[in-house]
Amino acid sequence: MSDELTVGLLGAGRIAGVHAQAYRALPGVRLVAVADPVAGKAERIAVEHGAETLRDLGSLLELGVDVVDVCTPPHQHAGPTLAALAAGRHVICEKPLARTLDEARRVVAAAAAAPGLLMVGHVARFEPDHRGARDRVVAGEIGVVRQLTHSTTSGLPGWGEAGWLTDPARSGGPLLDQAVHSFDFARWVIGSPAVRVQCMAAAGAAGPATYTLTTVRYENGAIAHVECGWAHPAARGFKLSAEIVGAEGRLSWSYDQLIGGVLYPREGDAEWWDVLGDRGFVLELGAFLDAIRAGGPSPVPAAEALESLRTALAALESAGTGRTVDLTTWEG
């Protein structure tokens, strides 16, 4: 491998364009190709970034890229990731890790045996507000975490080609496409495995779980409340709010409240902190490239992404059956 890392994008949708822009901001990396079977899609990104246009993963691998960036819909994550790892490439795979637990387990096993590094795109870990909040928790500023609340709501996303986002069989709906970020962040902050999941859902344009409310219990006794939905008016835009409650304080922030987040200590005045700046993609991809050069470990290992996926799939199961899912026994 030369000092310069070469990247090939698989998929040319919305998130692929975001990744392409992030690579442009990073030193020592070059986007050399964009592959998508749909005529015209790859060209839009490739032309802007001076990259070659290809039609499939096989062409990317033949080109000899160092890194394959999988930006396909969730039901098409596992296959390309497995193939790229088997070819000895480093892989960044967008979240969720896969559409099913069986696929995800196969990817985890392959990543453990592969010479290349695999990272899953849980970008919330790299966003300044989320990462800053977690750093404060780790530093002990609010004491032991007892409760975490995370809400992400929007109108029905309109960027999914051929309706894949509104097809639960392909996307998993809001719980897999969006709330999986919340489940991953909660597990990362709380630092304990999820053991029980209860989800209530209302139907809408994205299927039976268009709007969801999930409660997760963790092994250490903490709880998380995750609100997620694609049922709001489009004009309202994407909204996020979060709160972490500890034994010694409370942290909260919101994308409506653009002046910053706020830390409420048990004693003393509230402290405001900045949530603006890079939304995380440059930091996320930069961390992955640094890990490749250092020989690992992955900044977001496949095993951790599997845990977040399992929580999201358990929420889907609970929403469909009306029953609490016991993750200590549930096979998925």
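Modeller: Here is a rule to start with: two helices are roughly parallel if their angle is under 35 degrees, roughly antiparallel if it is over 145, roughly perpendicular from 65 to 115, and oblique otherwise. The model above is predicted, so local features need pLDDT of at least 70 and side-chain atom pairs need pLDDT 80 or more, while totals for chains, interfaces and linings use all residues. Residues are numbered from 1 along each chain as its sequence is written, and side-chain values use heavy atoms, leaving out hydrogens and water.

Biologist: Why are H6 and H9 called roughly parallel?

Modeller: The axes of helix H6 (residues 128–138) and helix H9 (residues 179–190) cross at roughly 25 degrees. (Axes are lines fitted to C-alpha atoms, for helices over the stretch in contact, and angles run from 0 to 180 degrees between N-to-C directions.) That angle falls under 35 degrees, so H6 and H9 count as roughly parallel.

Biologist: Which residues make the contact between H6 and H9?

Modeller: From H6 come His-130, Arg-131, Arg-134 and Val-137, and from H9 come Phe-185, Trp-188 and Val-189. Contact means heavy atoms within 4.5 Å. By class, this contact of H6 with H9 has four nonpolar, one polar and two charged residues. (Nonpolar covers Ala, Val, Leu, Ile, Met, Phe, Trp, Tyr, Cys and Pro; charged covers Asp, Glu, Lys and Arg; the others, Gly among them, are polar.)

Biologist: What makes H5 and H11 roughly antiparallel?

Modeller: Helix H5 (residues 101–113) and helix H11 (residues 302–321) have axes that come within 9 Å and cross at roughly 175 degrees. That value is over 145, so the pair is roughly antiparallel. Leu-101, Ala-104, Arg-105, Val-108 and Ala-111 of H5 meet Ala-302, Ala-303, Leu-306, Leu-309, Arg-310 and Leu-313 of H11. This contact of H5 with H11 divides into nine nonpolar, no polar and two charged residues.

Biologist: How do you know whether Thr-6 is buried or exposed?

Modeller: Compare its relative accessible area with the cut-offs (buried under 20%, exposed over 50%, partly exposed in between; 1.4 Å probe, protein chains only). Thr-6 has 14%, so it is buried. This residue sits in strand E1 (residues 5–10). Leaving out neighbours within four places in sequence, Thr-6 is in contact with Arg-30, Val-32, Gly-64, Val-65, Asp-66 and Val-67. Thr-6 and Leu-31 are 25 residues apart in sequence and 5.9 Å apart in space, C-alpha to C-alpha.

Biologist: And why does Ala-205 count as exposed?

Modeller: Its relative accessibility is 58%, which is over 50%, so Ala-205 counts as exposed. Ala-205 is in the loop between strand E8 (194–204) and strand E9 (207–218). Not counting residues up to four places away in sequence, Ala-205 touches Leu-156, Thr-166 and Thr-210.

Biologist: What makes the protein chain as compact as a globular protein of its length?

Modeller: Its radius of gyration is 20 Å, close to the 20 Å that the globule rule gives for 332 residues, so the chain is as compact as a globular protein of that length. (The radius is taken over C-alpha atoms, and the rule is 2.2 Å times the number of residues to the power 0.38.) Buried residues make up 53% of the 332 residues. The chain has 11 helices and 15 strands.

Biologist: Which kind of peptide bond joins Lys-95 to Pro-96?

Modeller: That bond is cis, with omega near -10 degrees. Pro-96 lies in the loop between strand E5 (90–94) and H5. The bond from Gly-296 to Pro-297 is also cis, with omega near 0 degrees, and Pro-297 is in the loop between helix H10 (281–294) and H11. Most peptide bonds are trans.

Note on methods:
Helix = DSSP H or I, 4+ residues; strand = E, 2+ residues; numbered from the N terminus.
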